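Work through these exercises with the structure in view. Try each task before you read its solution.

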Amino acid sequence: MKLGARMMKTGLAVAVAVYIASLTELTTPVVAGIAAVFSIQPSIYRSYQTVLEQIQANIIAVAVAIIVYYTLGDGAFIMGFSIILVIALNMQLKMNENTIIFAVVALILLMEPTDMAFLPYAGARFTSLMIGILSAFAVNLAFVPPKYETNLFRQIDRNTSDILQWLRVTIRHLNDEPALKTEMNRLQDEIRYIDQTYLLYKEERTYLRKNRFAKARKMVLFRQLIATTKKSFDVLKAFHRLEGDIDNIPPAFQEVLVSELDKVIHAHEKLILSLMGRIRKTHKESLRETQEPDIPMLVERLIRIYEDGRDPDKLIFLPLAAQLMEYHLHLEHLKRILQSYQQFHYERHRNMFEQKQTR
């Protein structure tokens, strides 16, 4: 099991919060540690947003606890009513789910039965919560944020390569069924993880104006890379669903189907390799050599097969042809974006794309 940066930051933030809170008897180290756990975020920008929201949520929880305690008293049902109020107020302010949960936990800690006077007790708990929030924020600032753009490209390259390998195996009926099902579940999870990494990269702040336009172009490139990878996965799923039915169509058409898909796969691989700087010739020349699949011809052959036998079952292959057409259109769009990006910005970001891709 790998120890990720967020795991290390969480442990350090809790240690710092507990240590600071233990320096005085007025605060509660455990409460500070709990607040630190809720406040750790994967990026500085998210950490800043979280601090602001959790301070607001903490103030709301304290205010509700004090008002309810001095008007209605305490008790289990009073606490439940207070939680409803806190949730409603935070939802009205459009707080996210994690902030609302933190506010509920803060309220429970504030309204825990105690022999102390309520105001000093609430003040001590509020201070402990603030120590945890600020400790987590300090740790987030101290840690160098990960290079999300590098991680994102590695994930896209690895996932795309796996999908295209499985496509080649599947269309030739060489795949192992249980292994493919397992891999498709894994690939689906990987795609979700890619989406999360893209959001983290999108949230990274660009402070120099001259870098903002370059990042905007790079975000467009990444977005299309992800969309094309997803479309290749859709084609893989379509072939997997129709694998048993492909044997029922003429062998000549099967050969055409395999040939056309090989062309699409080759085009996708060539674009990734061109982006990584692994193609010797200039970018435009290499793209001209990419064979383009004749999807209209493929659809025409499918219709002809249906008309010859009047077998409605043959129409189930039309969605597959549509998926291939969409995949081809995504590749064409990616090609245009890639040409534009390499013309204006590629040299500045060359090291990121050309570095060795680790698995």
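Four exercises with worked solutions follow.

This is a predicted model: local features need pLDDT of at least 70, side-chain atom pairs count only at pLDDT 80 or more, and totals for chains, interfaces and linings use all residues. Residues are numbered from 1 along each chain as its sequence is written, and side-chain values use heavy atoms, leaving out hydrogens and water.

**Exercise 1. Describe the make-up of the protein chain.**

Step 1. Find the elements. The protein chain has 14 helices and 0 strands. Helices (H or I, at least four residues) and strands (E, at least two) are DSSP runs, numbered from the N terminus.

Step 2. Find the buried share. Of the 359 residues in the protein chain, 44% are buried. Buried means under 20% relative accessible area, with a 1.4 Å probe and protein chains only; exposed means over 50%, and partly exposed lies in between.

**Exercise 2. Analyse the packing of helix α5 and helix α6.**

Step 1. Locate the helices. Helix α5 spans residues 97-110 and helix α6 residues 118-142.

Step 2. Read the geometry. They pack at about 145°, with axes 9 Å apart. Axes are lines fitted to C-alpha atoms over the stretch in contact, and angles run from 0 to 180 degrees between N-to-C directions.

Step 3. List the contact (heavy atoms within 4.5 Å). From α5 come F102, A106, L109 and L110. From α6 come F118, Y121, A122, R125, F126, L129 and I133.

Step 4. Sort these residues. The contact has 10 nonpolar, no polar and 1 charged. Ala, Val, Leu, Ile, Met, Phe, Trp, Tyr, Cys and Pro count as nonpolar; Asp, Glu, Lys and Arg as charged; the others, Gly among them, as polar.

**Exercise 3. Classify the ring pair Y70 and F118.**

Step 1. Apply the cut-offs. Rings of Phe, Tyr and Trp (its six-membered ring) pair if their centres lie within 6.5 Å; planes under 30 degrees apart are stacked, over 60 edge-to-face, and the rest tilted.

Step 2. Compare. Y70 and F118 are 6.1 Å centre to centre, with 85° between the planes, and the pair is edge-to-face.

Step 3. Place the rings. Y70 is in helix α3 and F118 in helix α6, 48 residues apart. F118 is buried, because its relative accessibility is 7%.

**Exercise 4. Do the same for Y201 and F222.**

Step 1. The centres are 5.6 Å apart and the planes at 80°, so this pair is edge-to-face.

Step 2. Y201 lies in helix α8 and F222 in helix α9.

Step 3. Y201 is buried at 2%, and F222 is buried at 0%.
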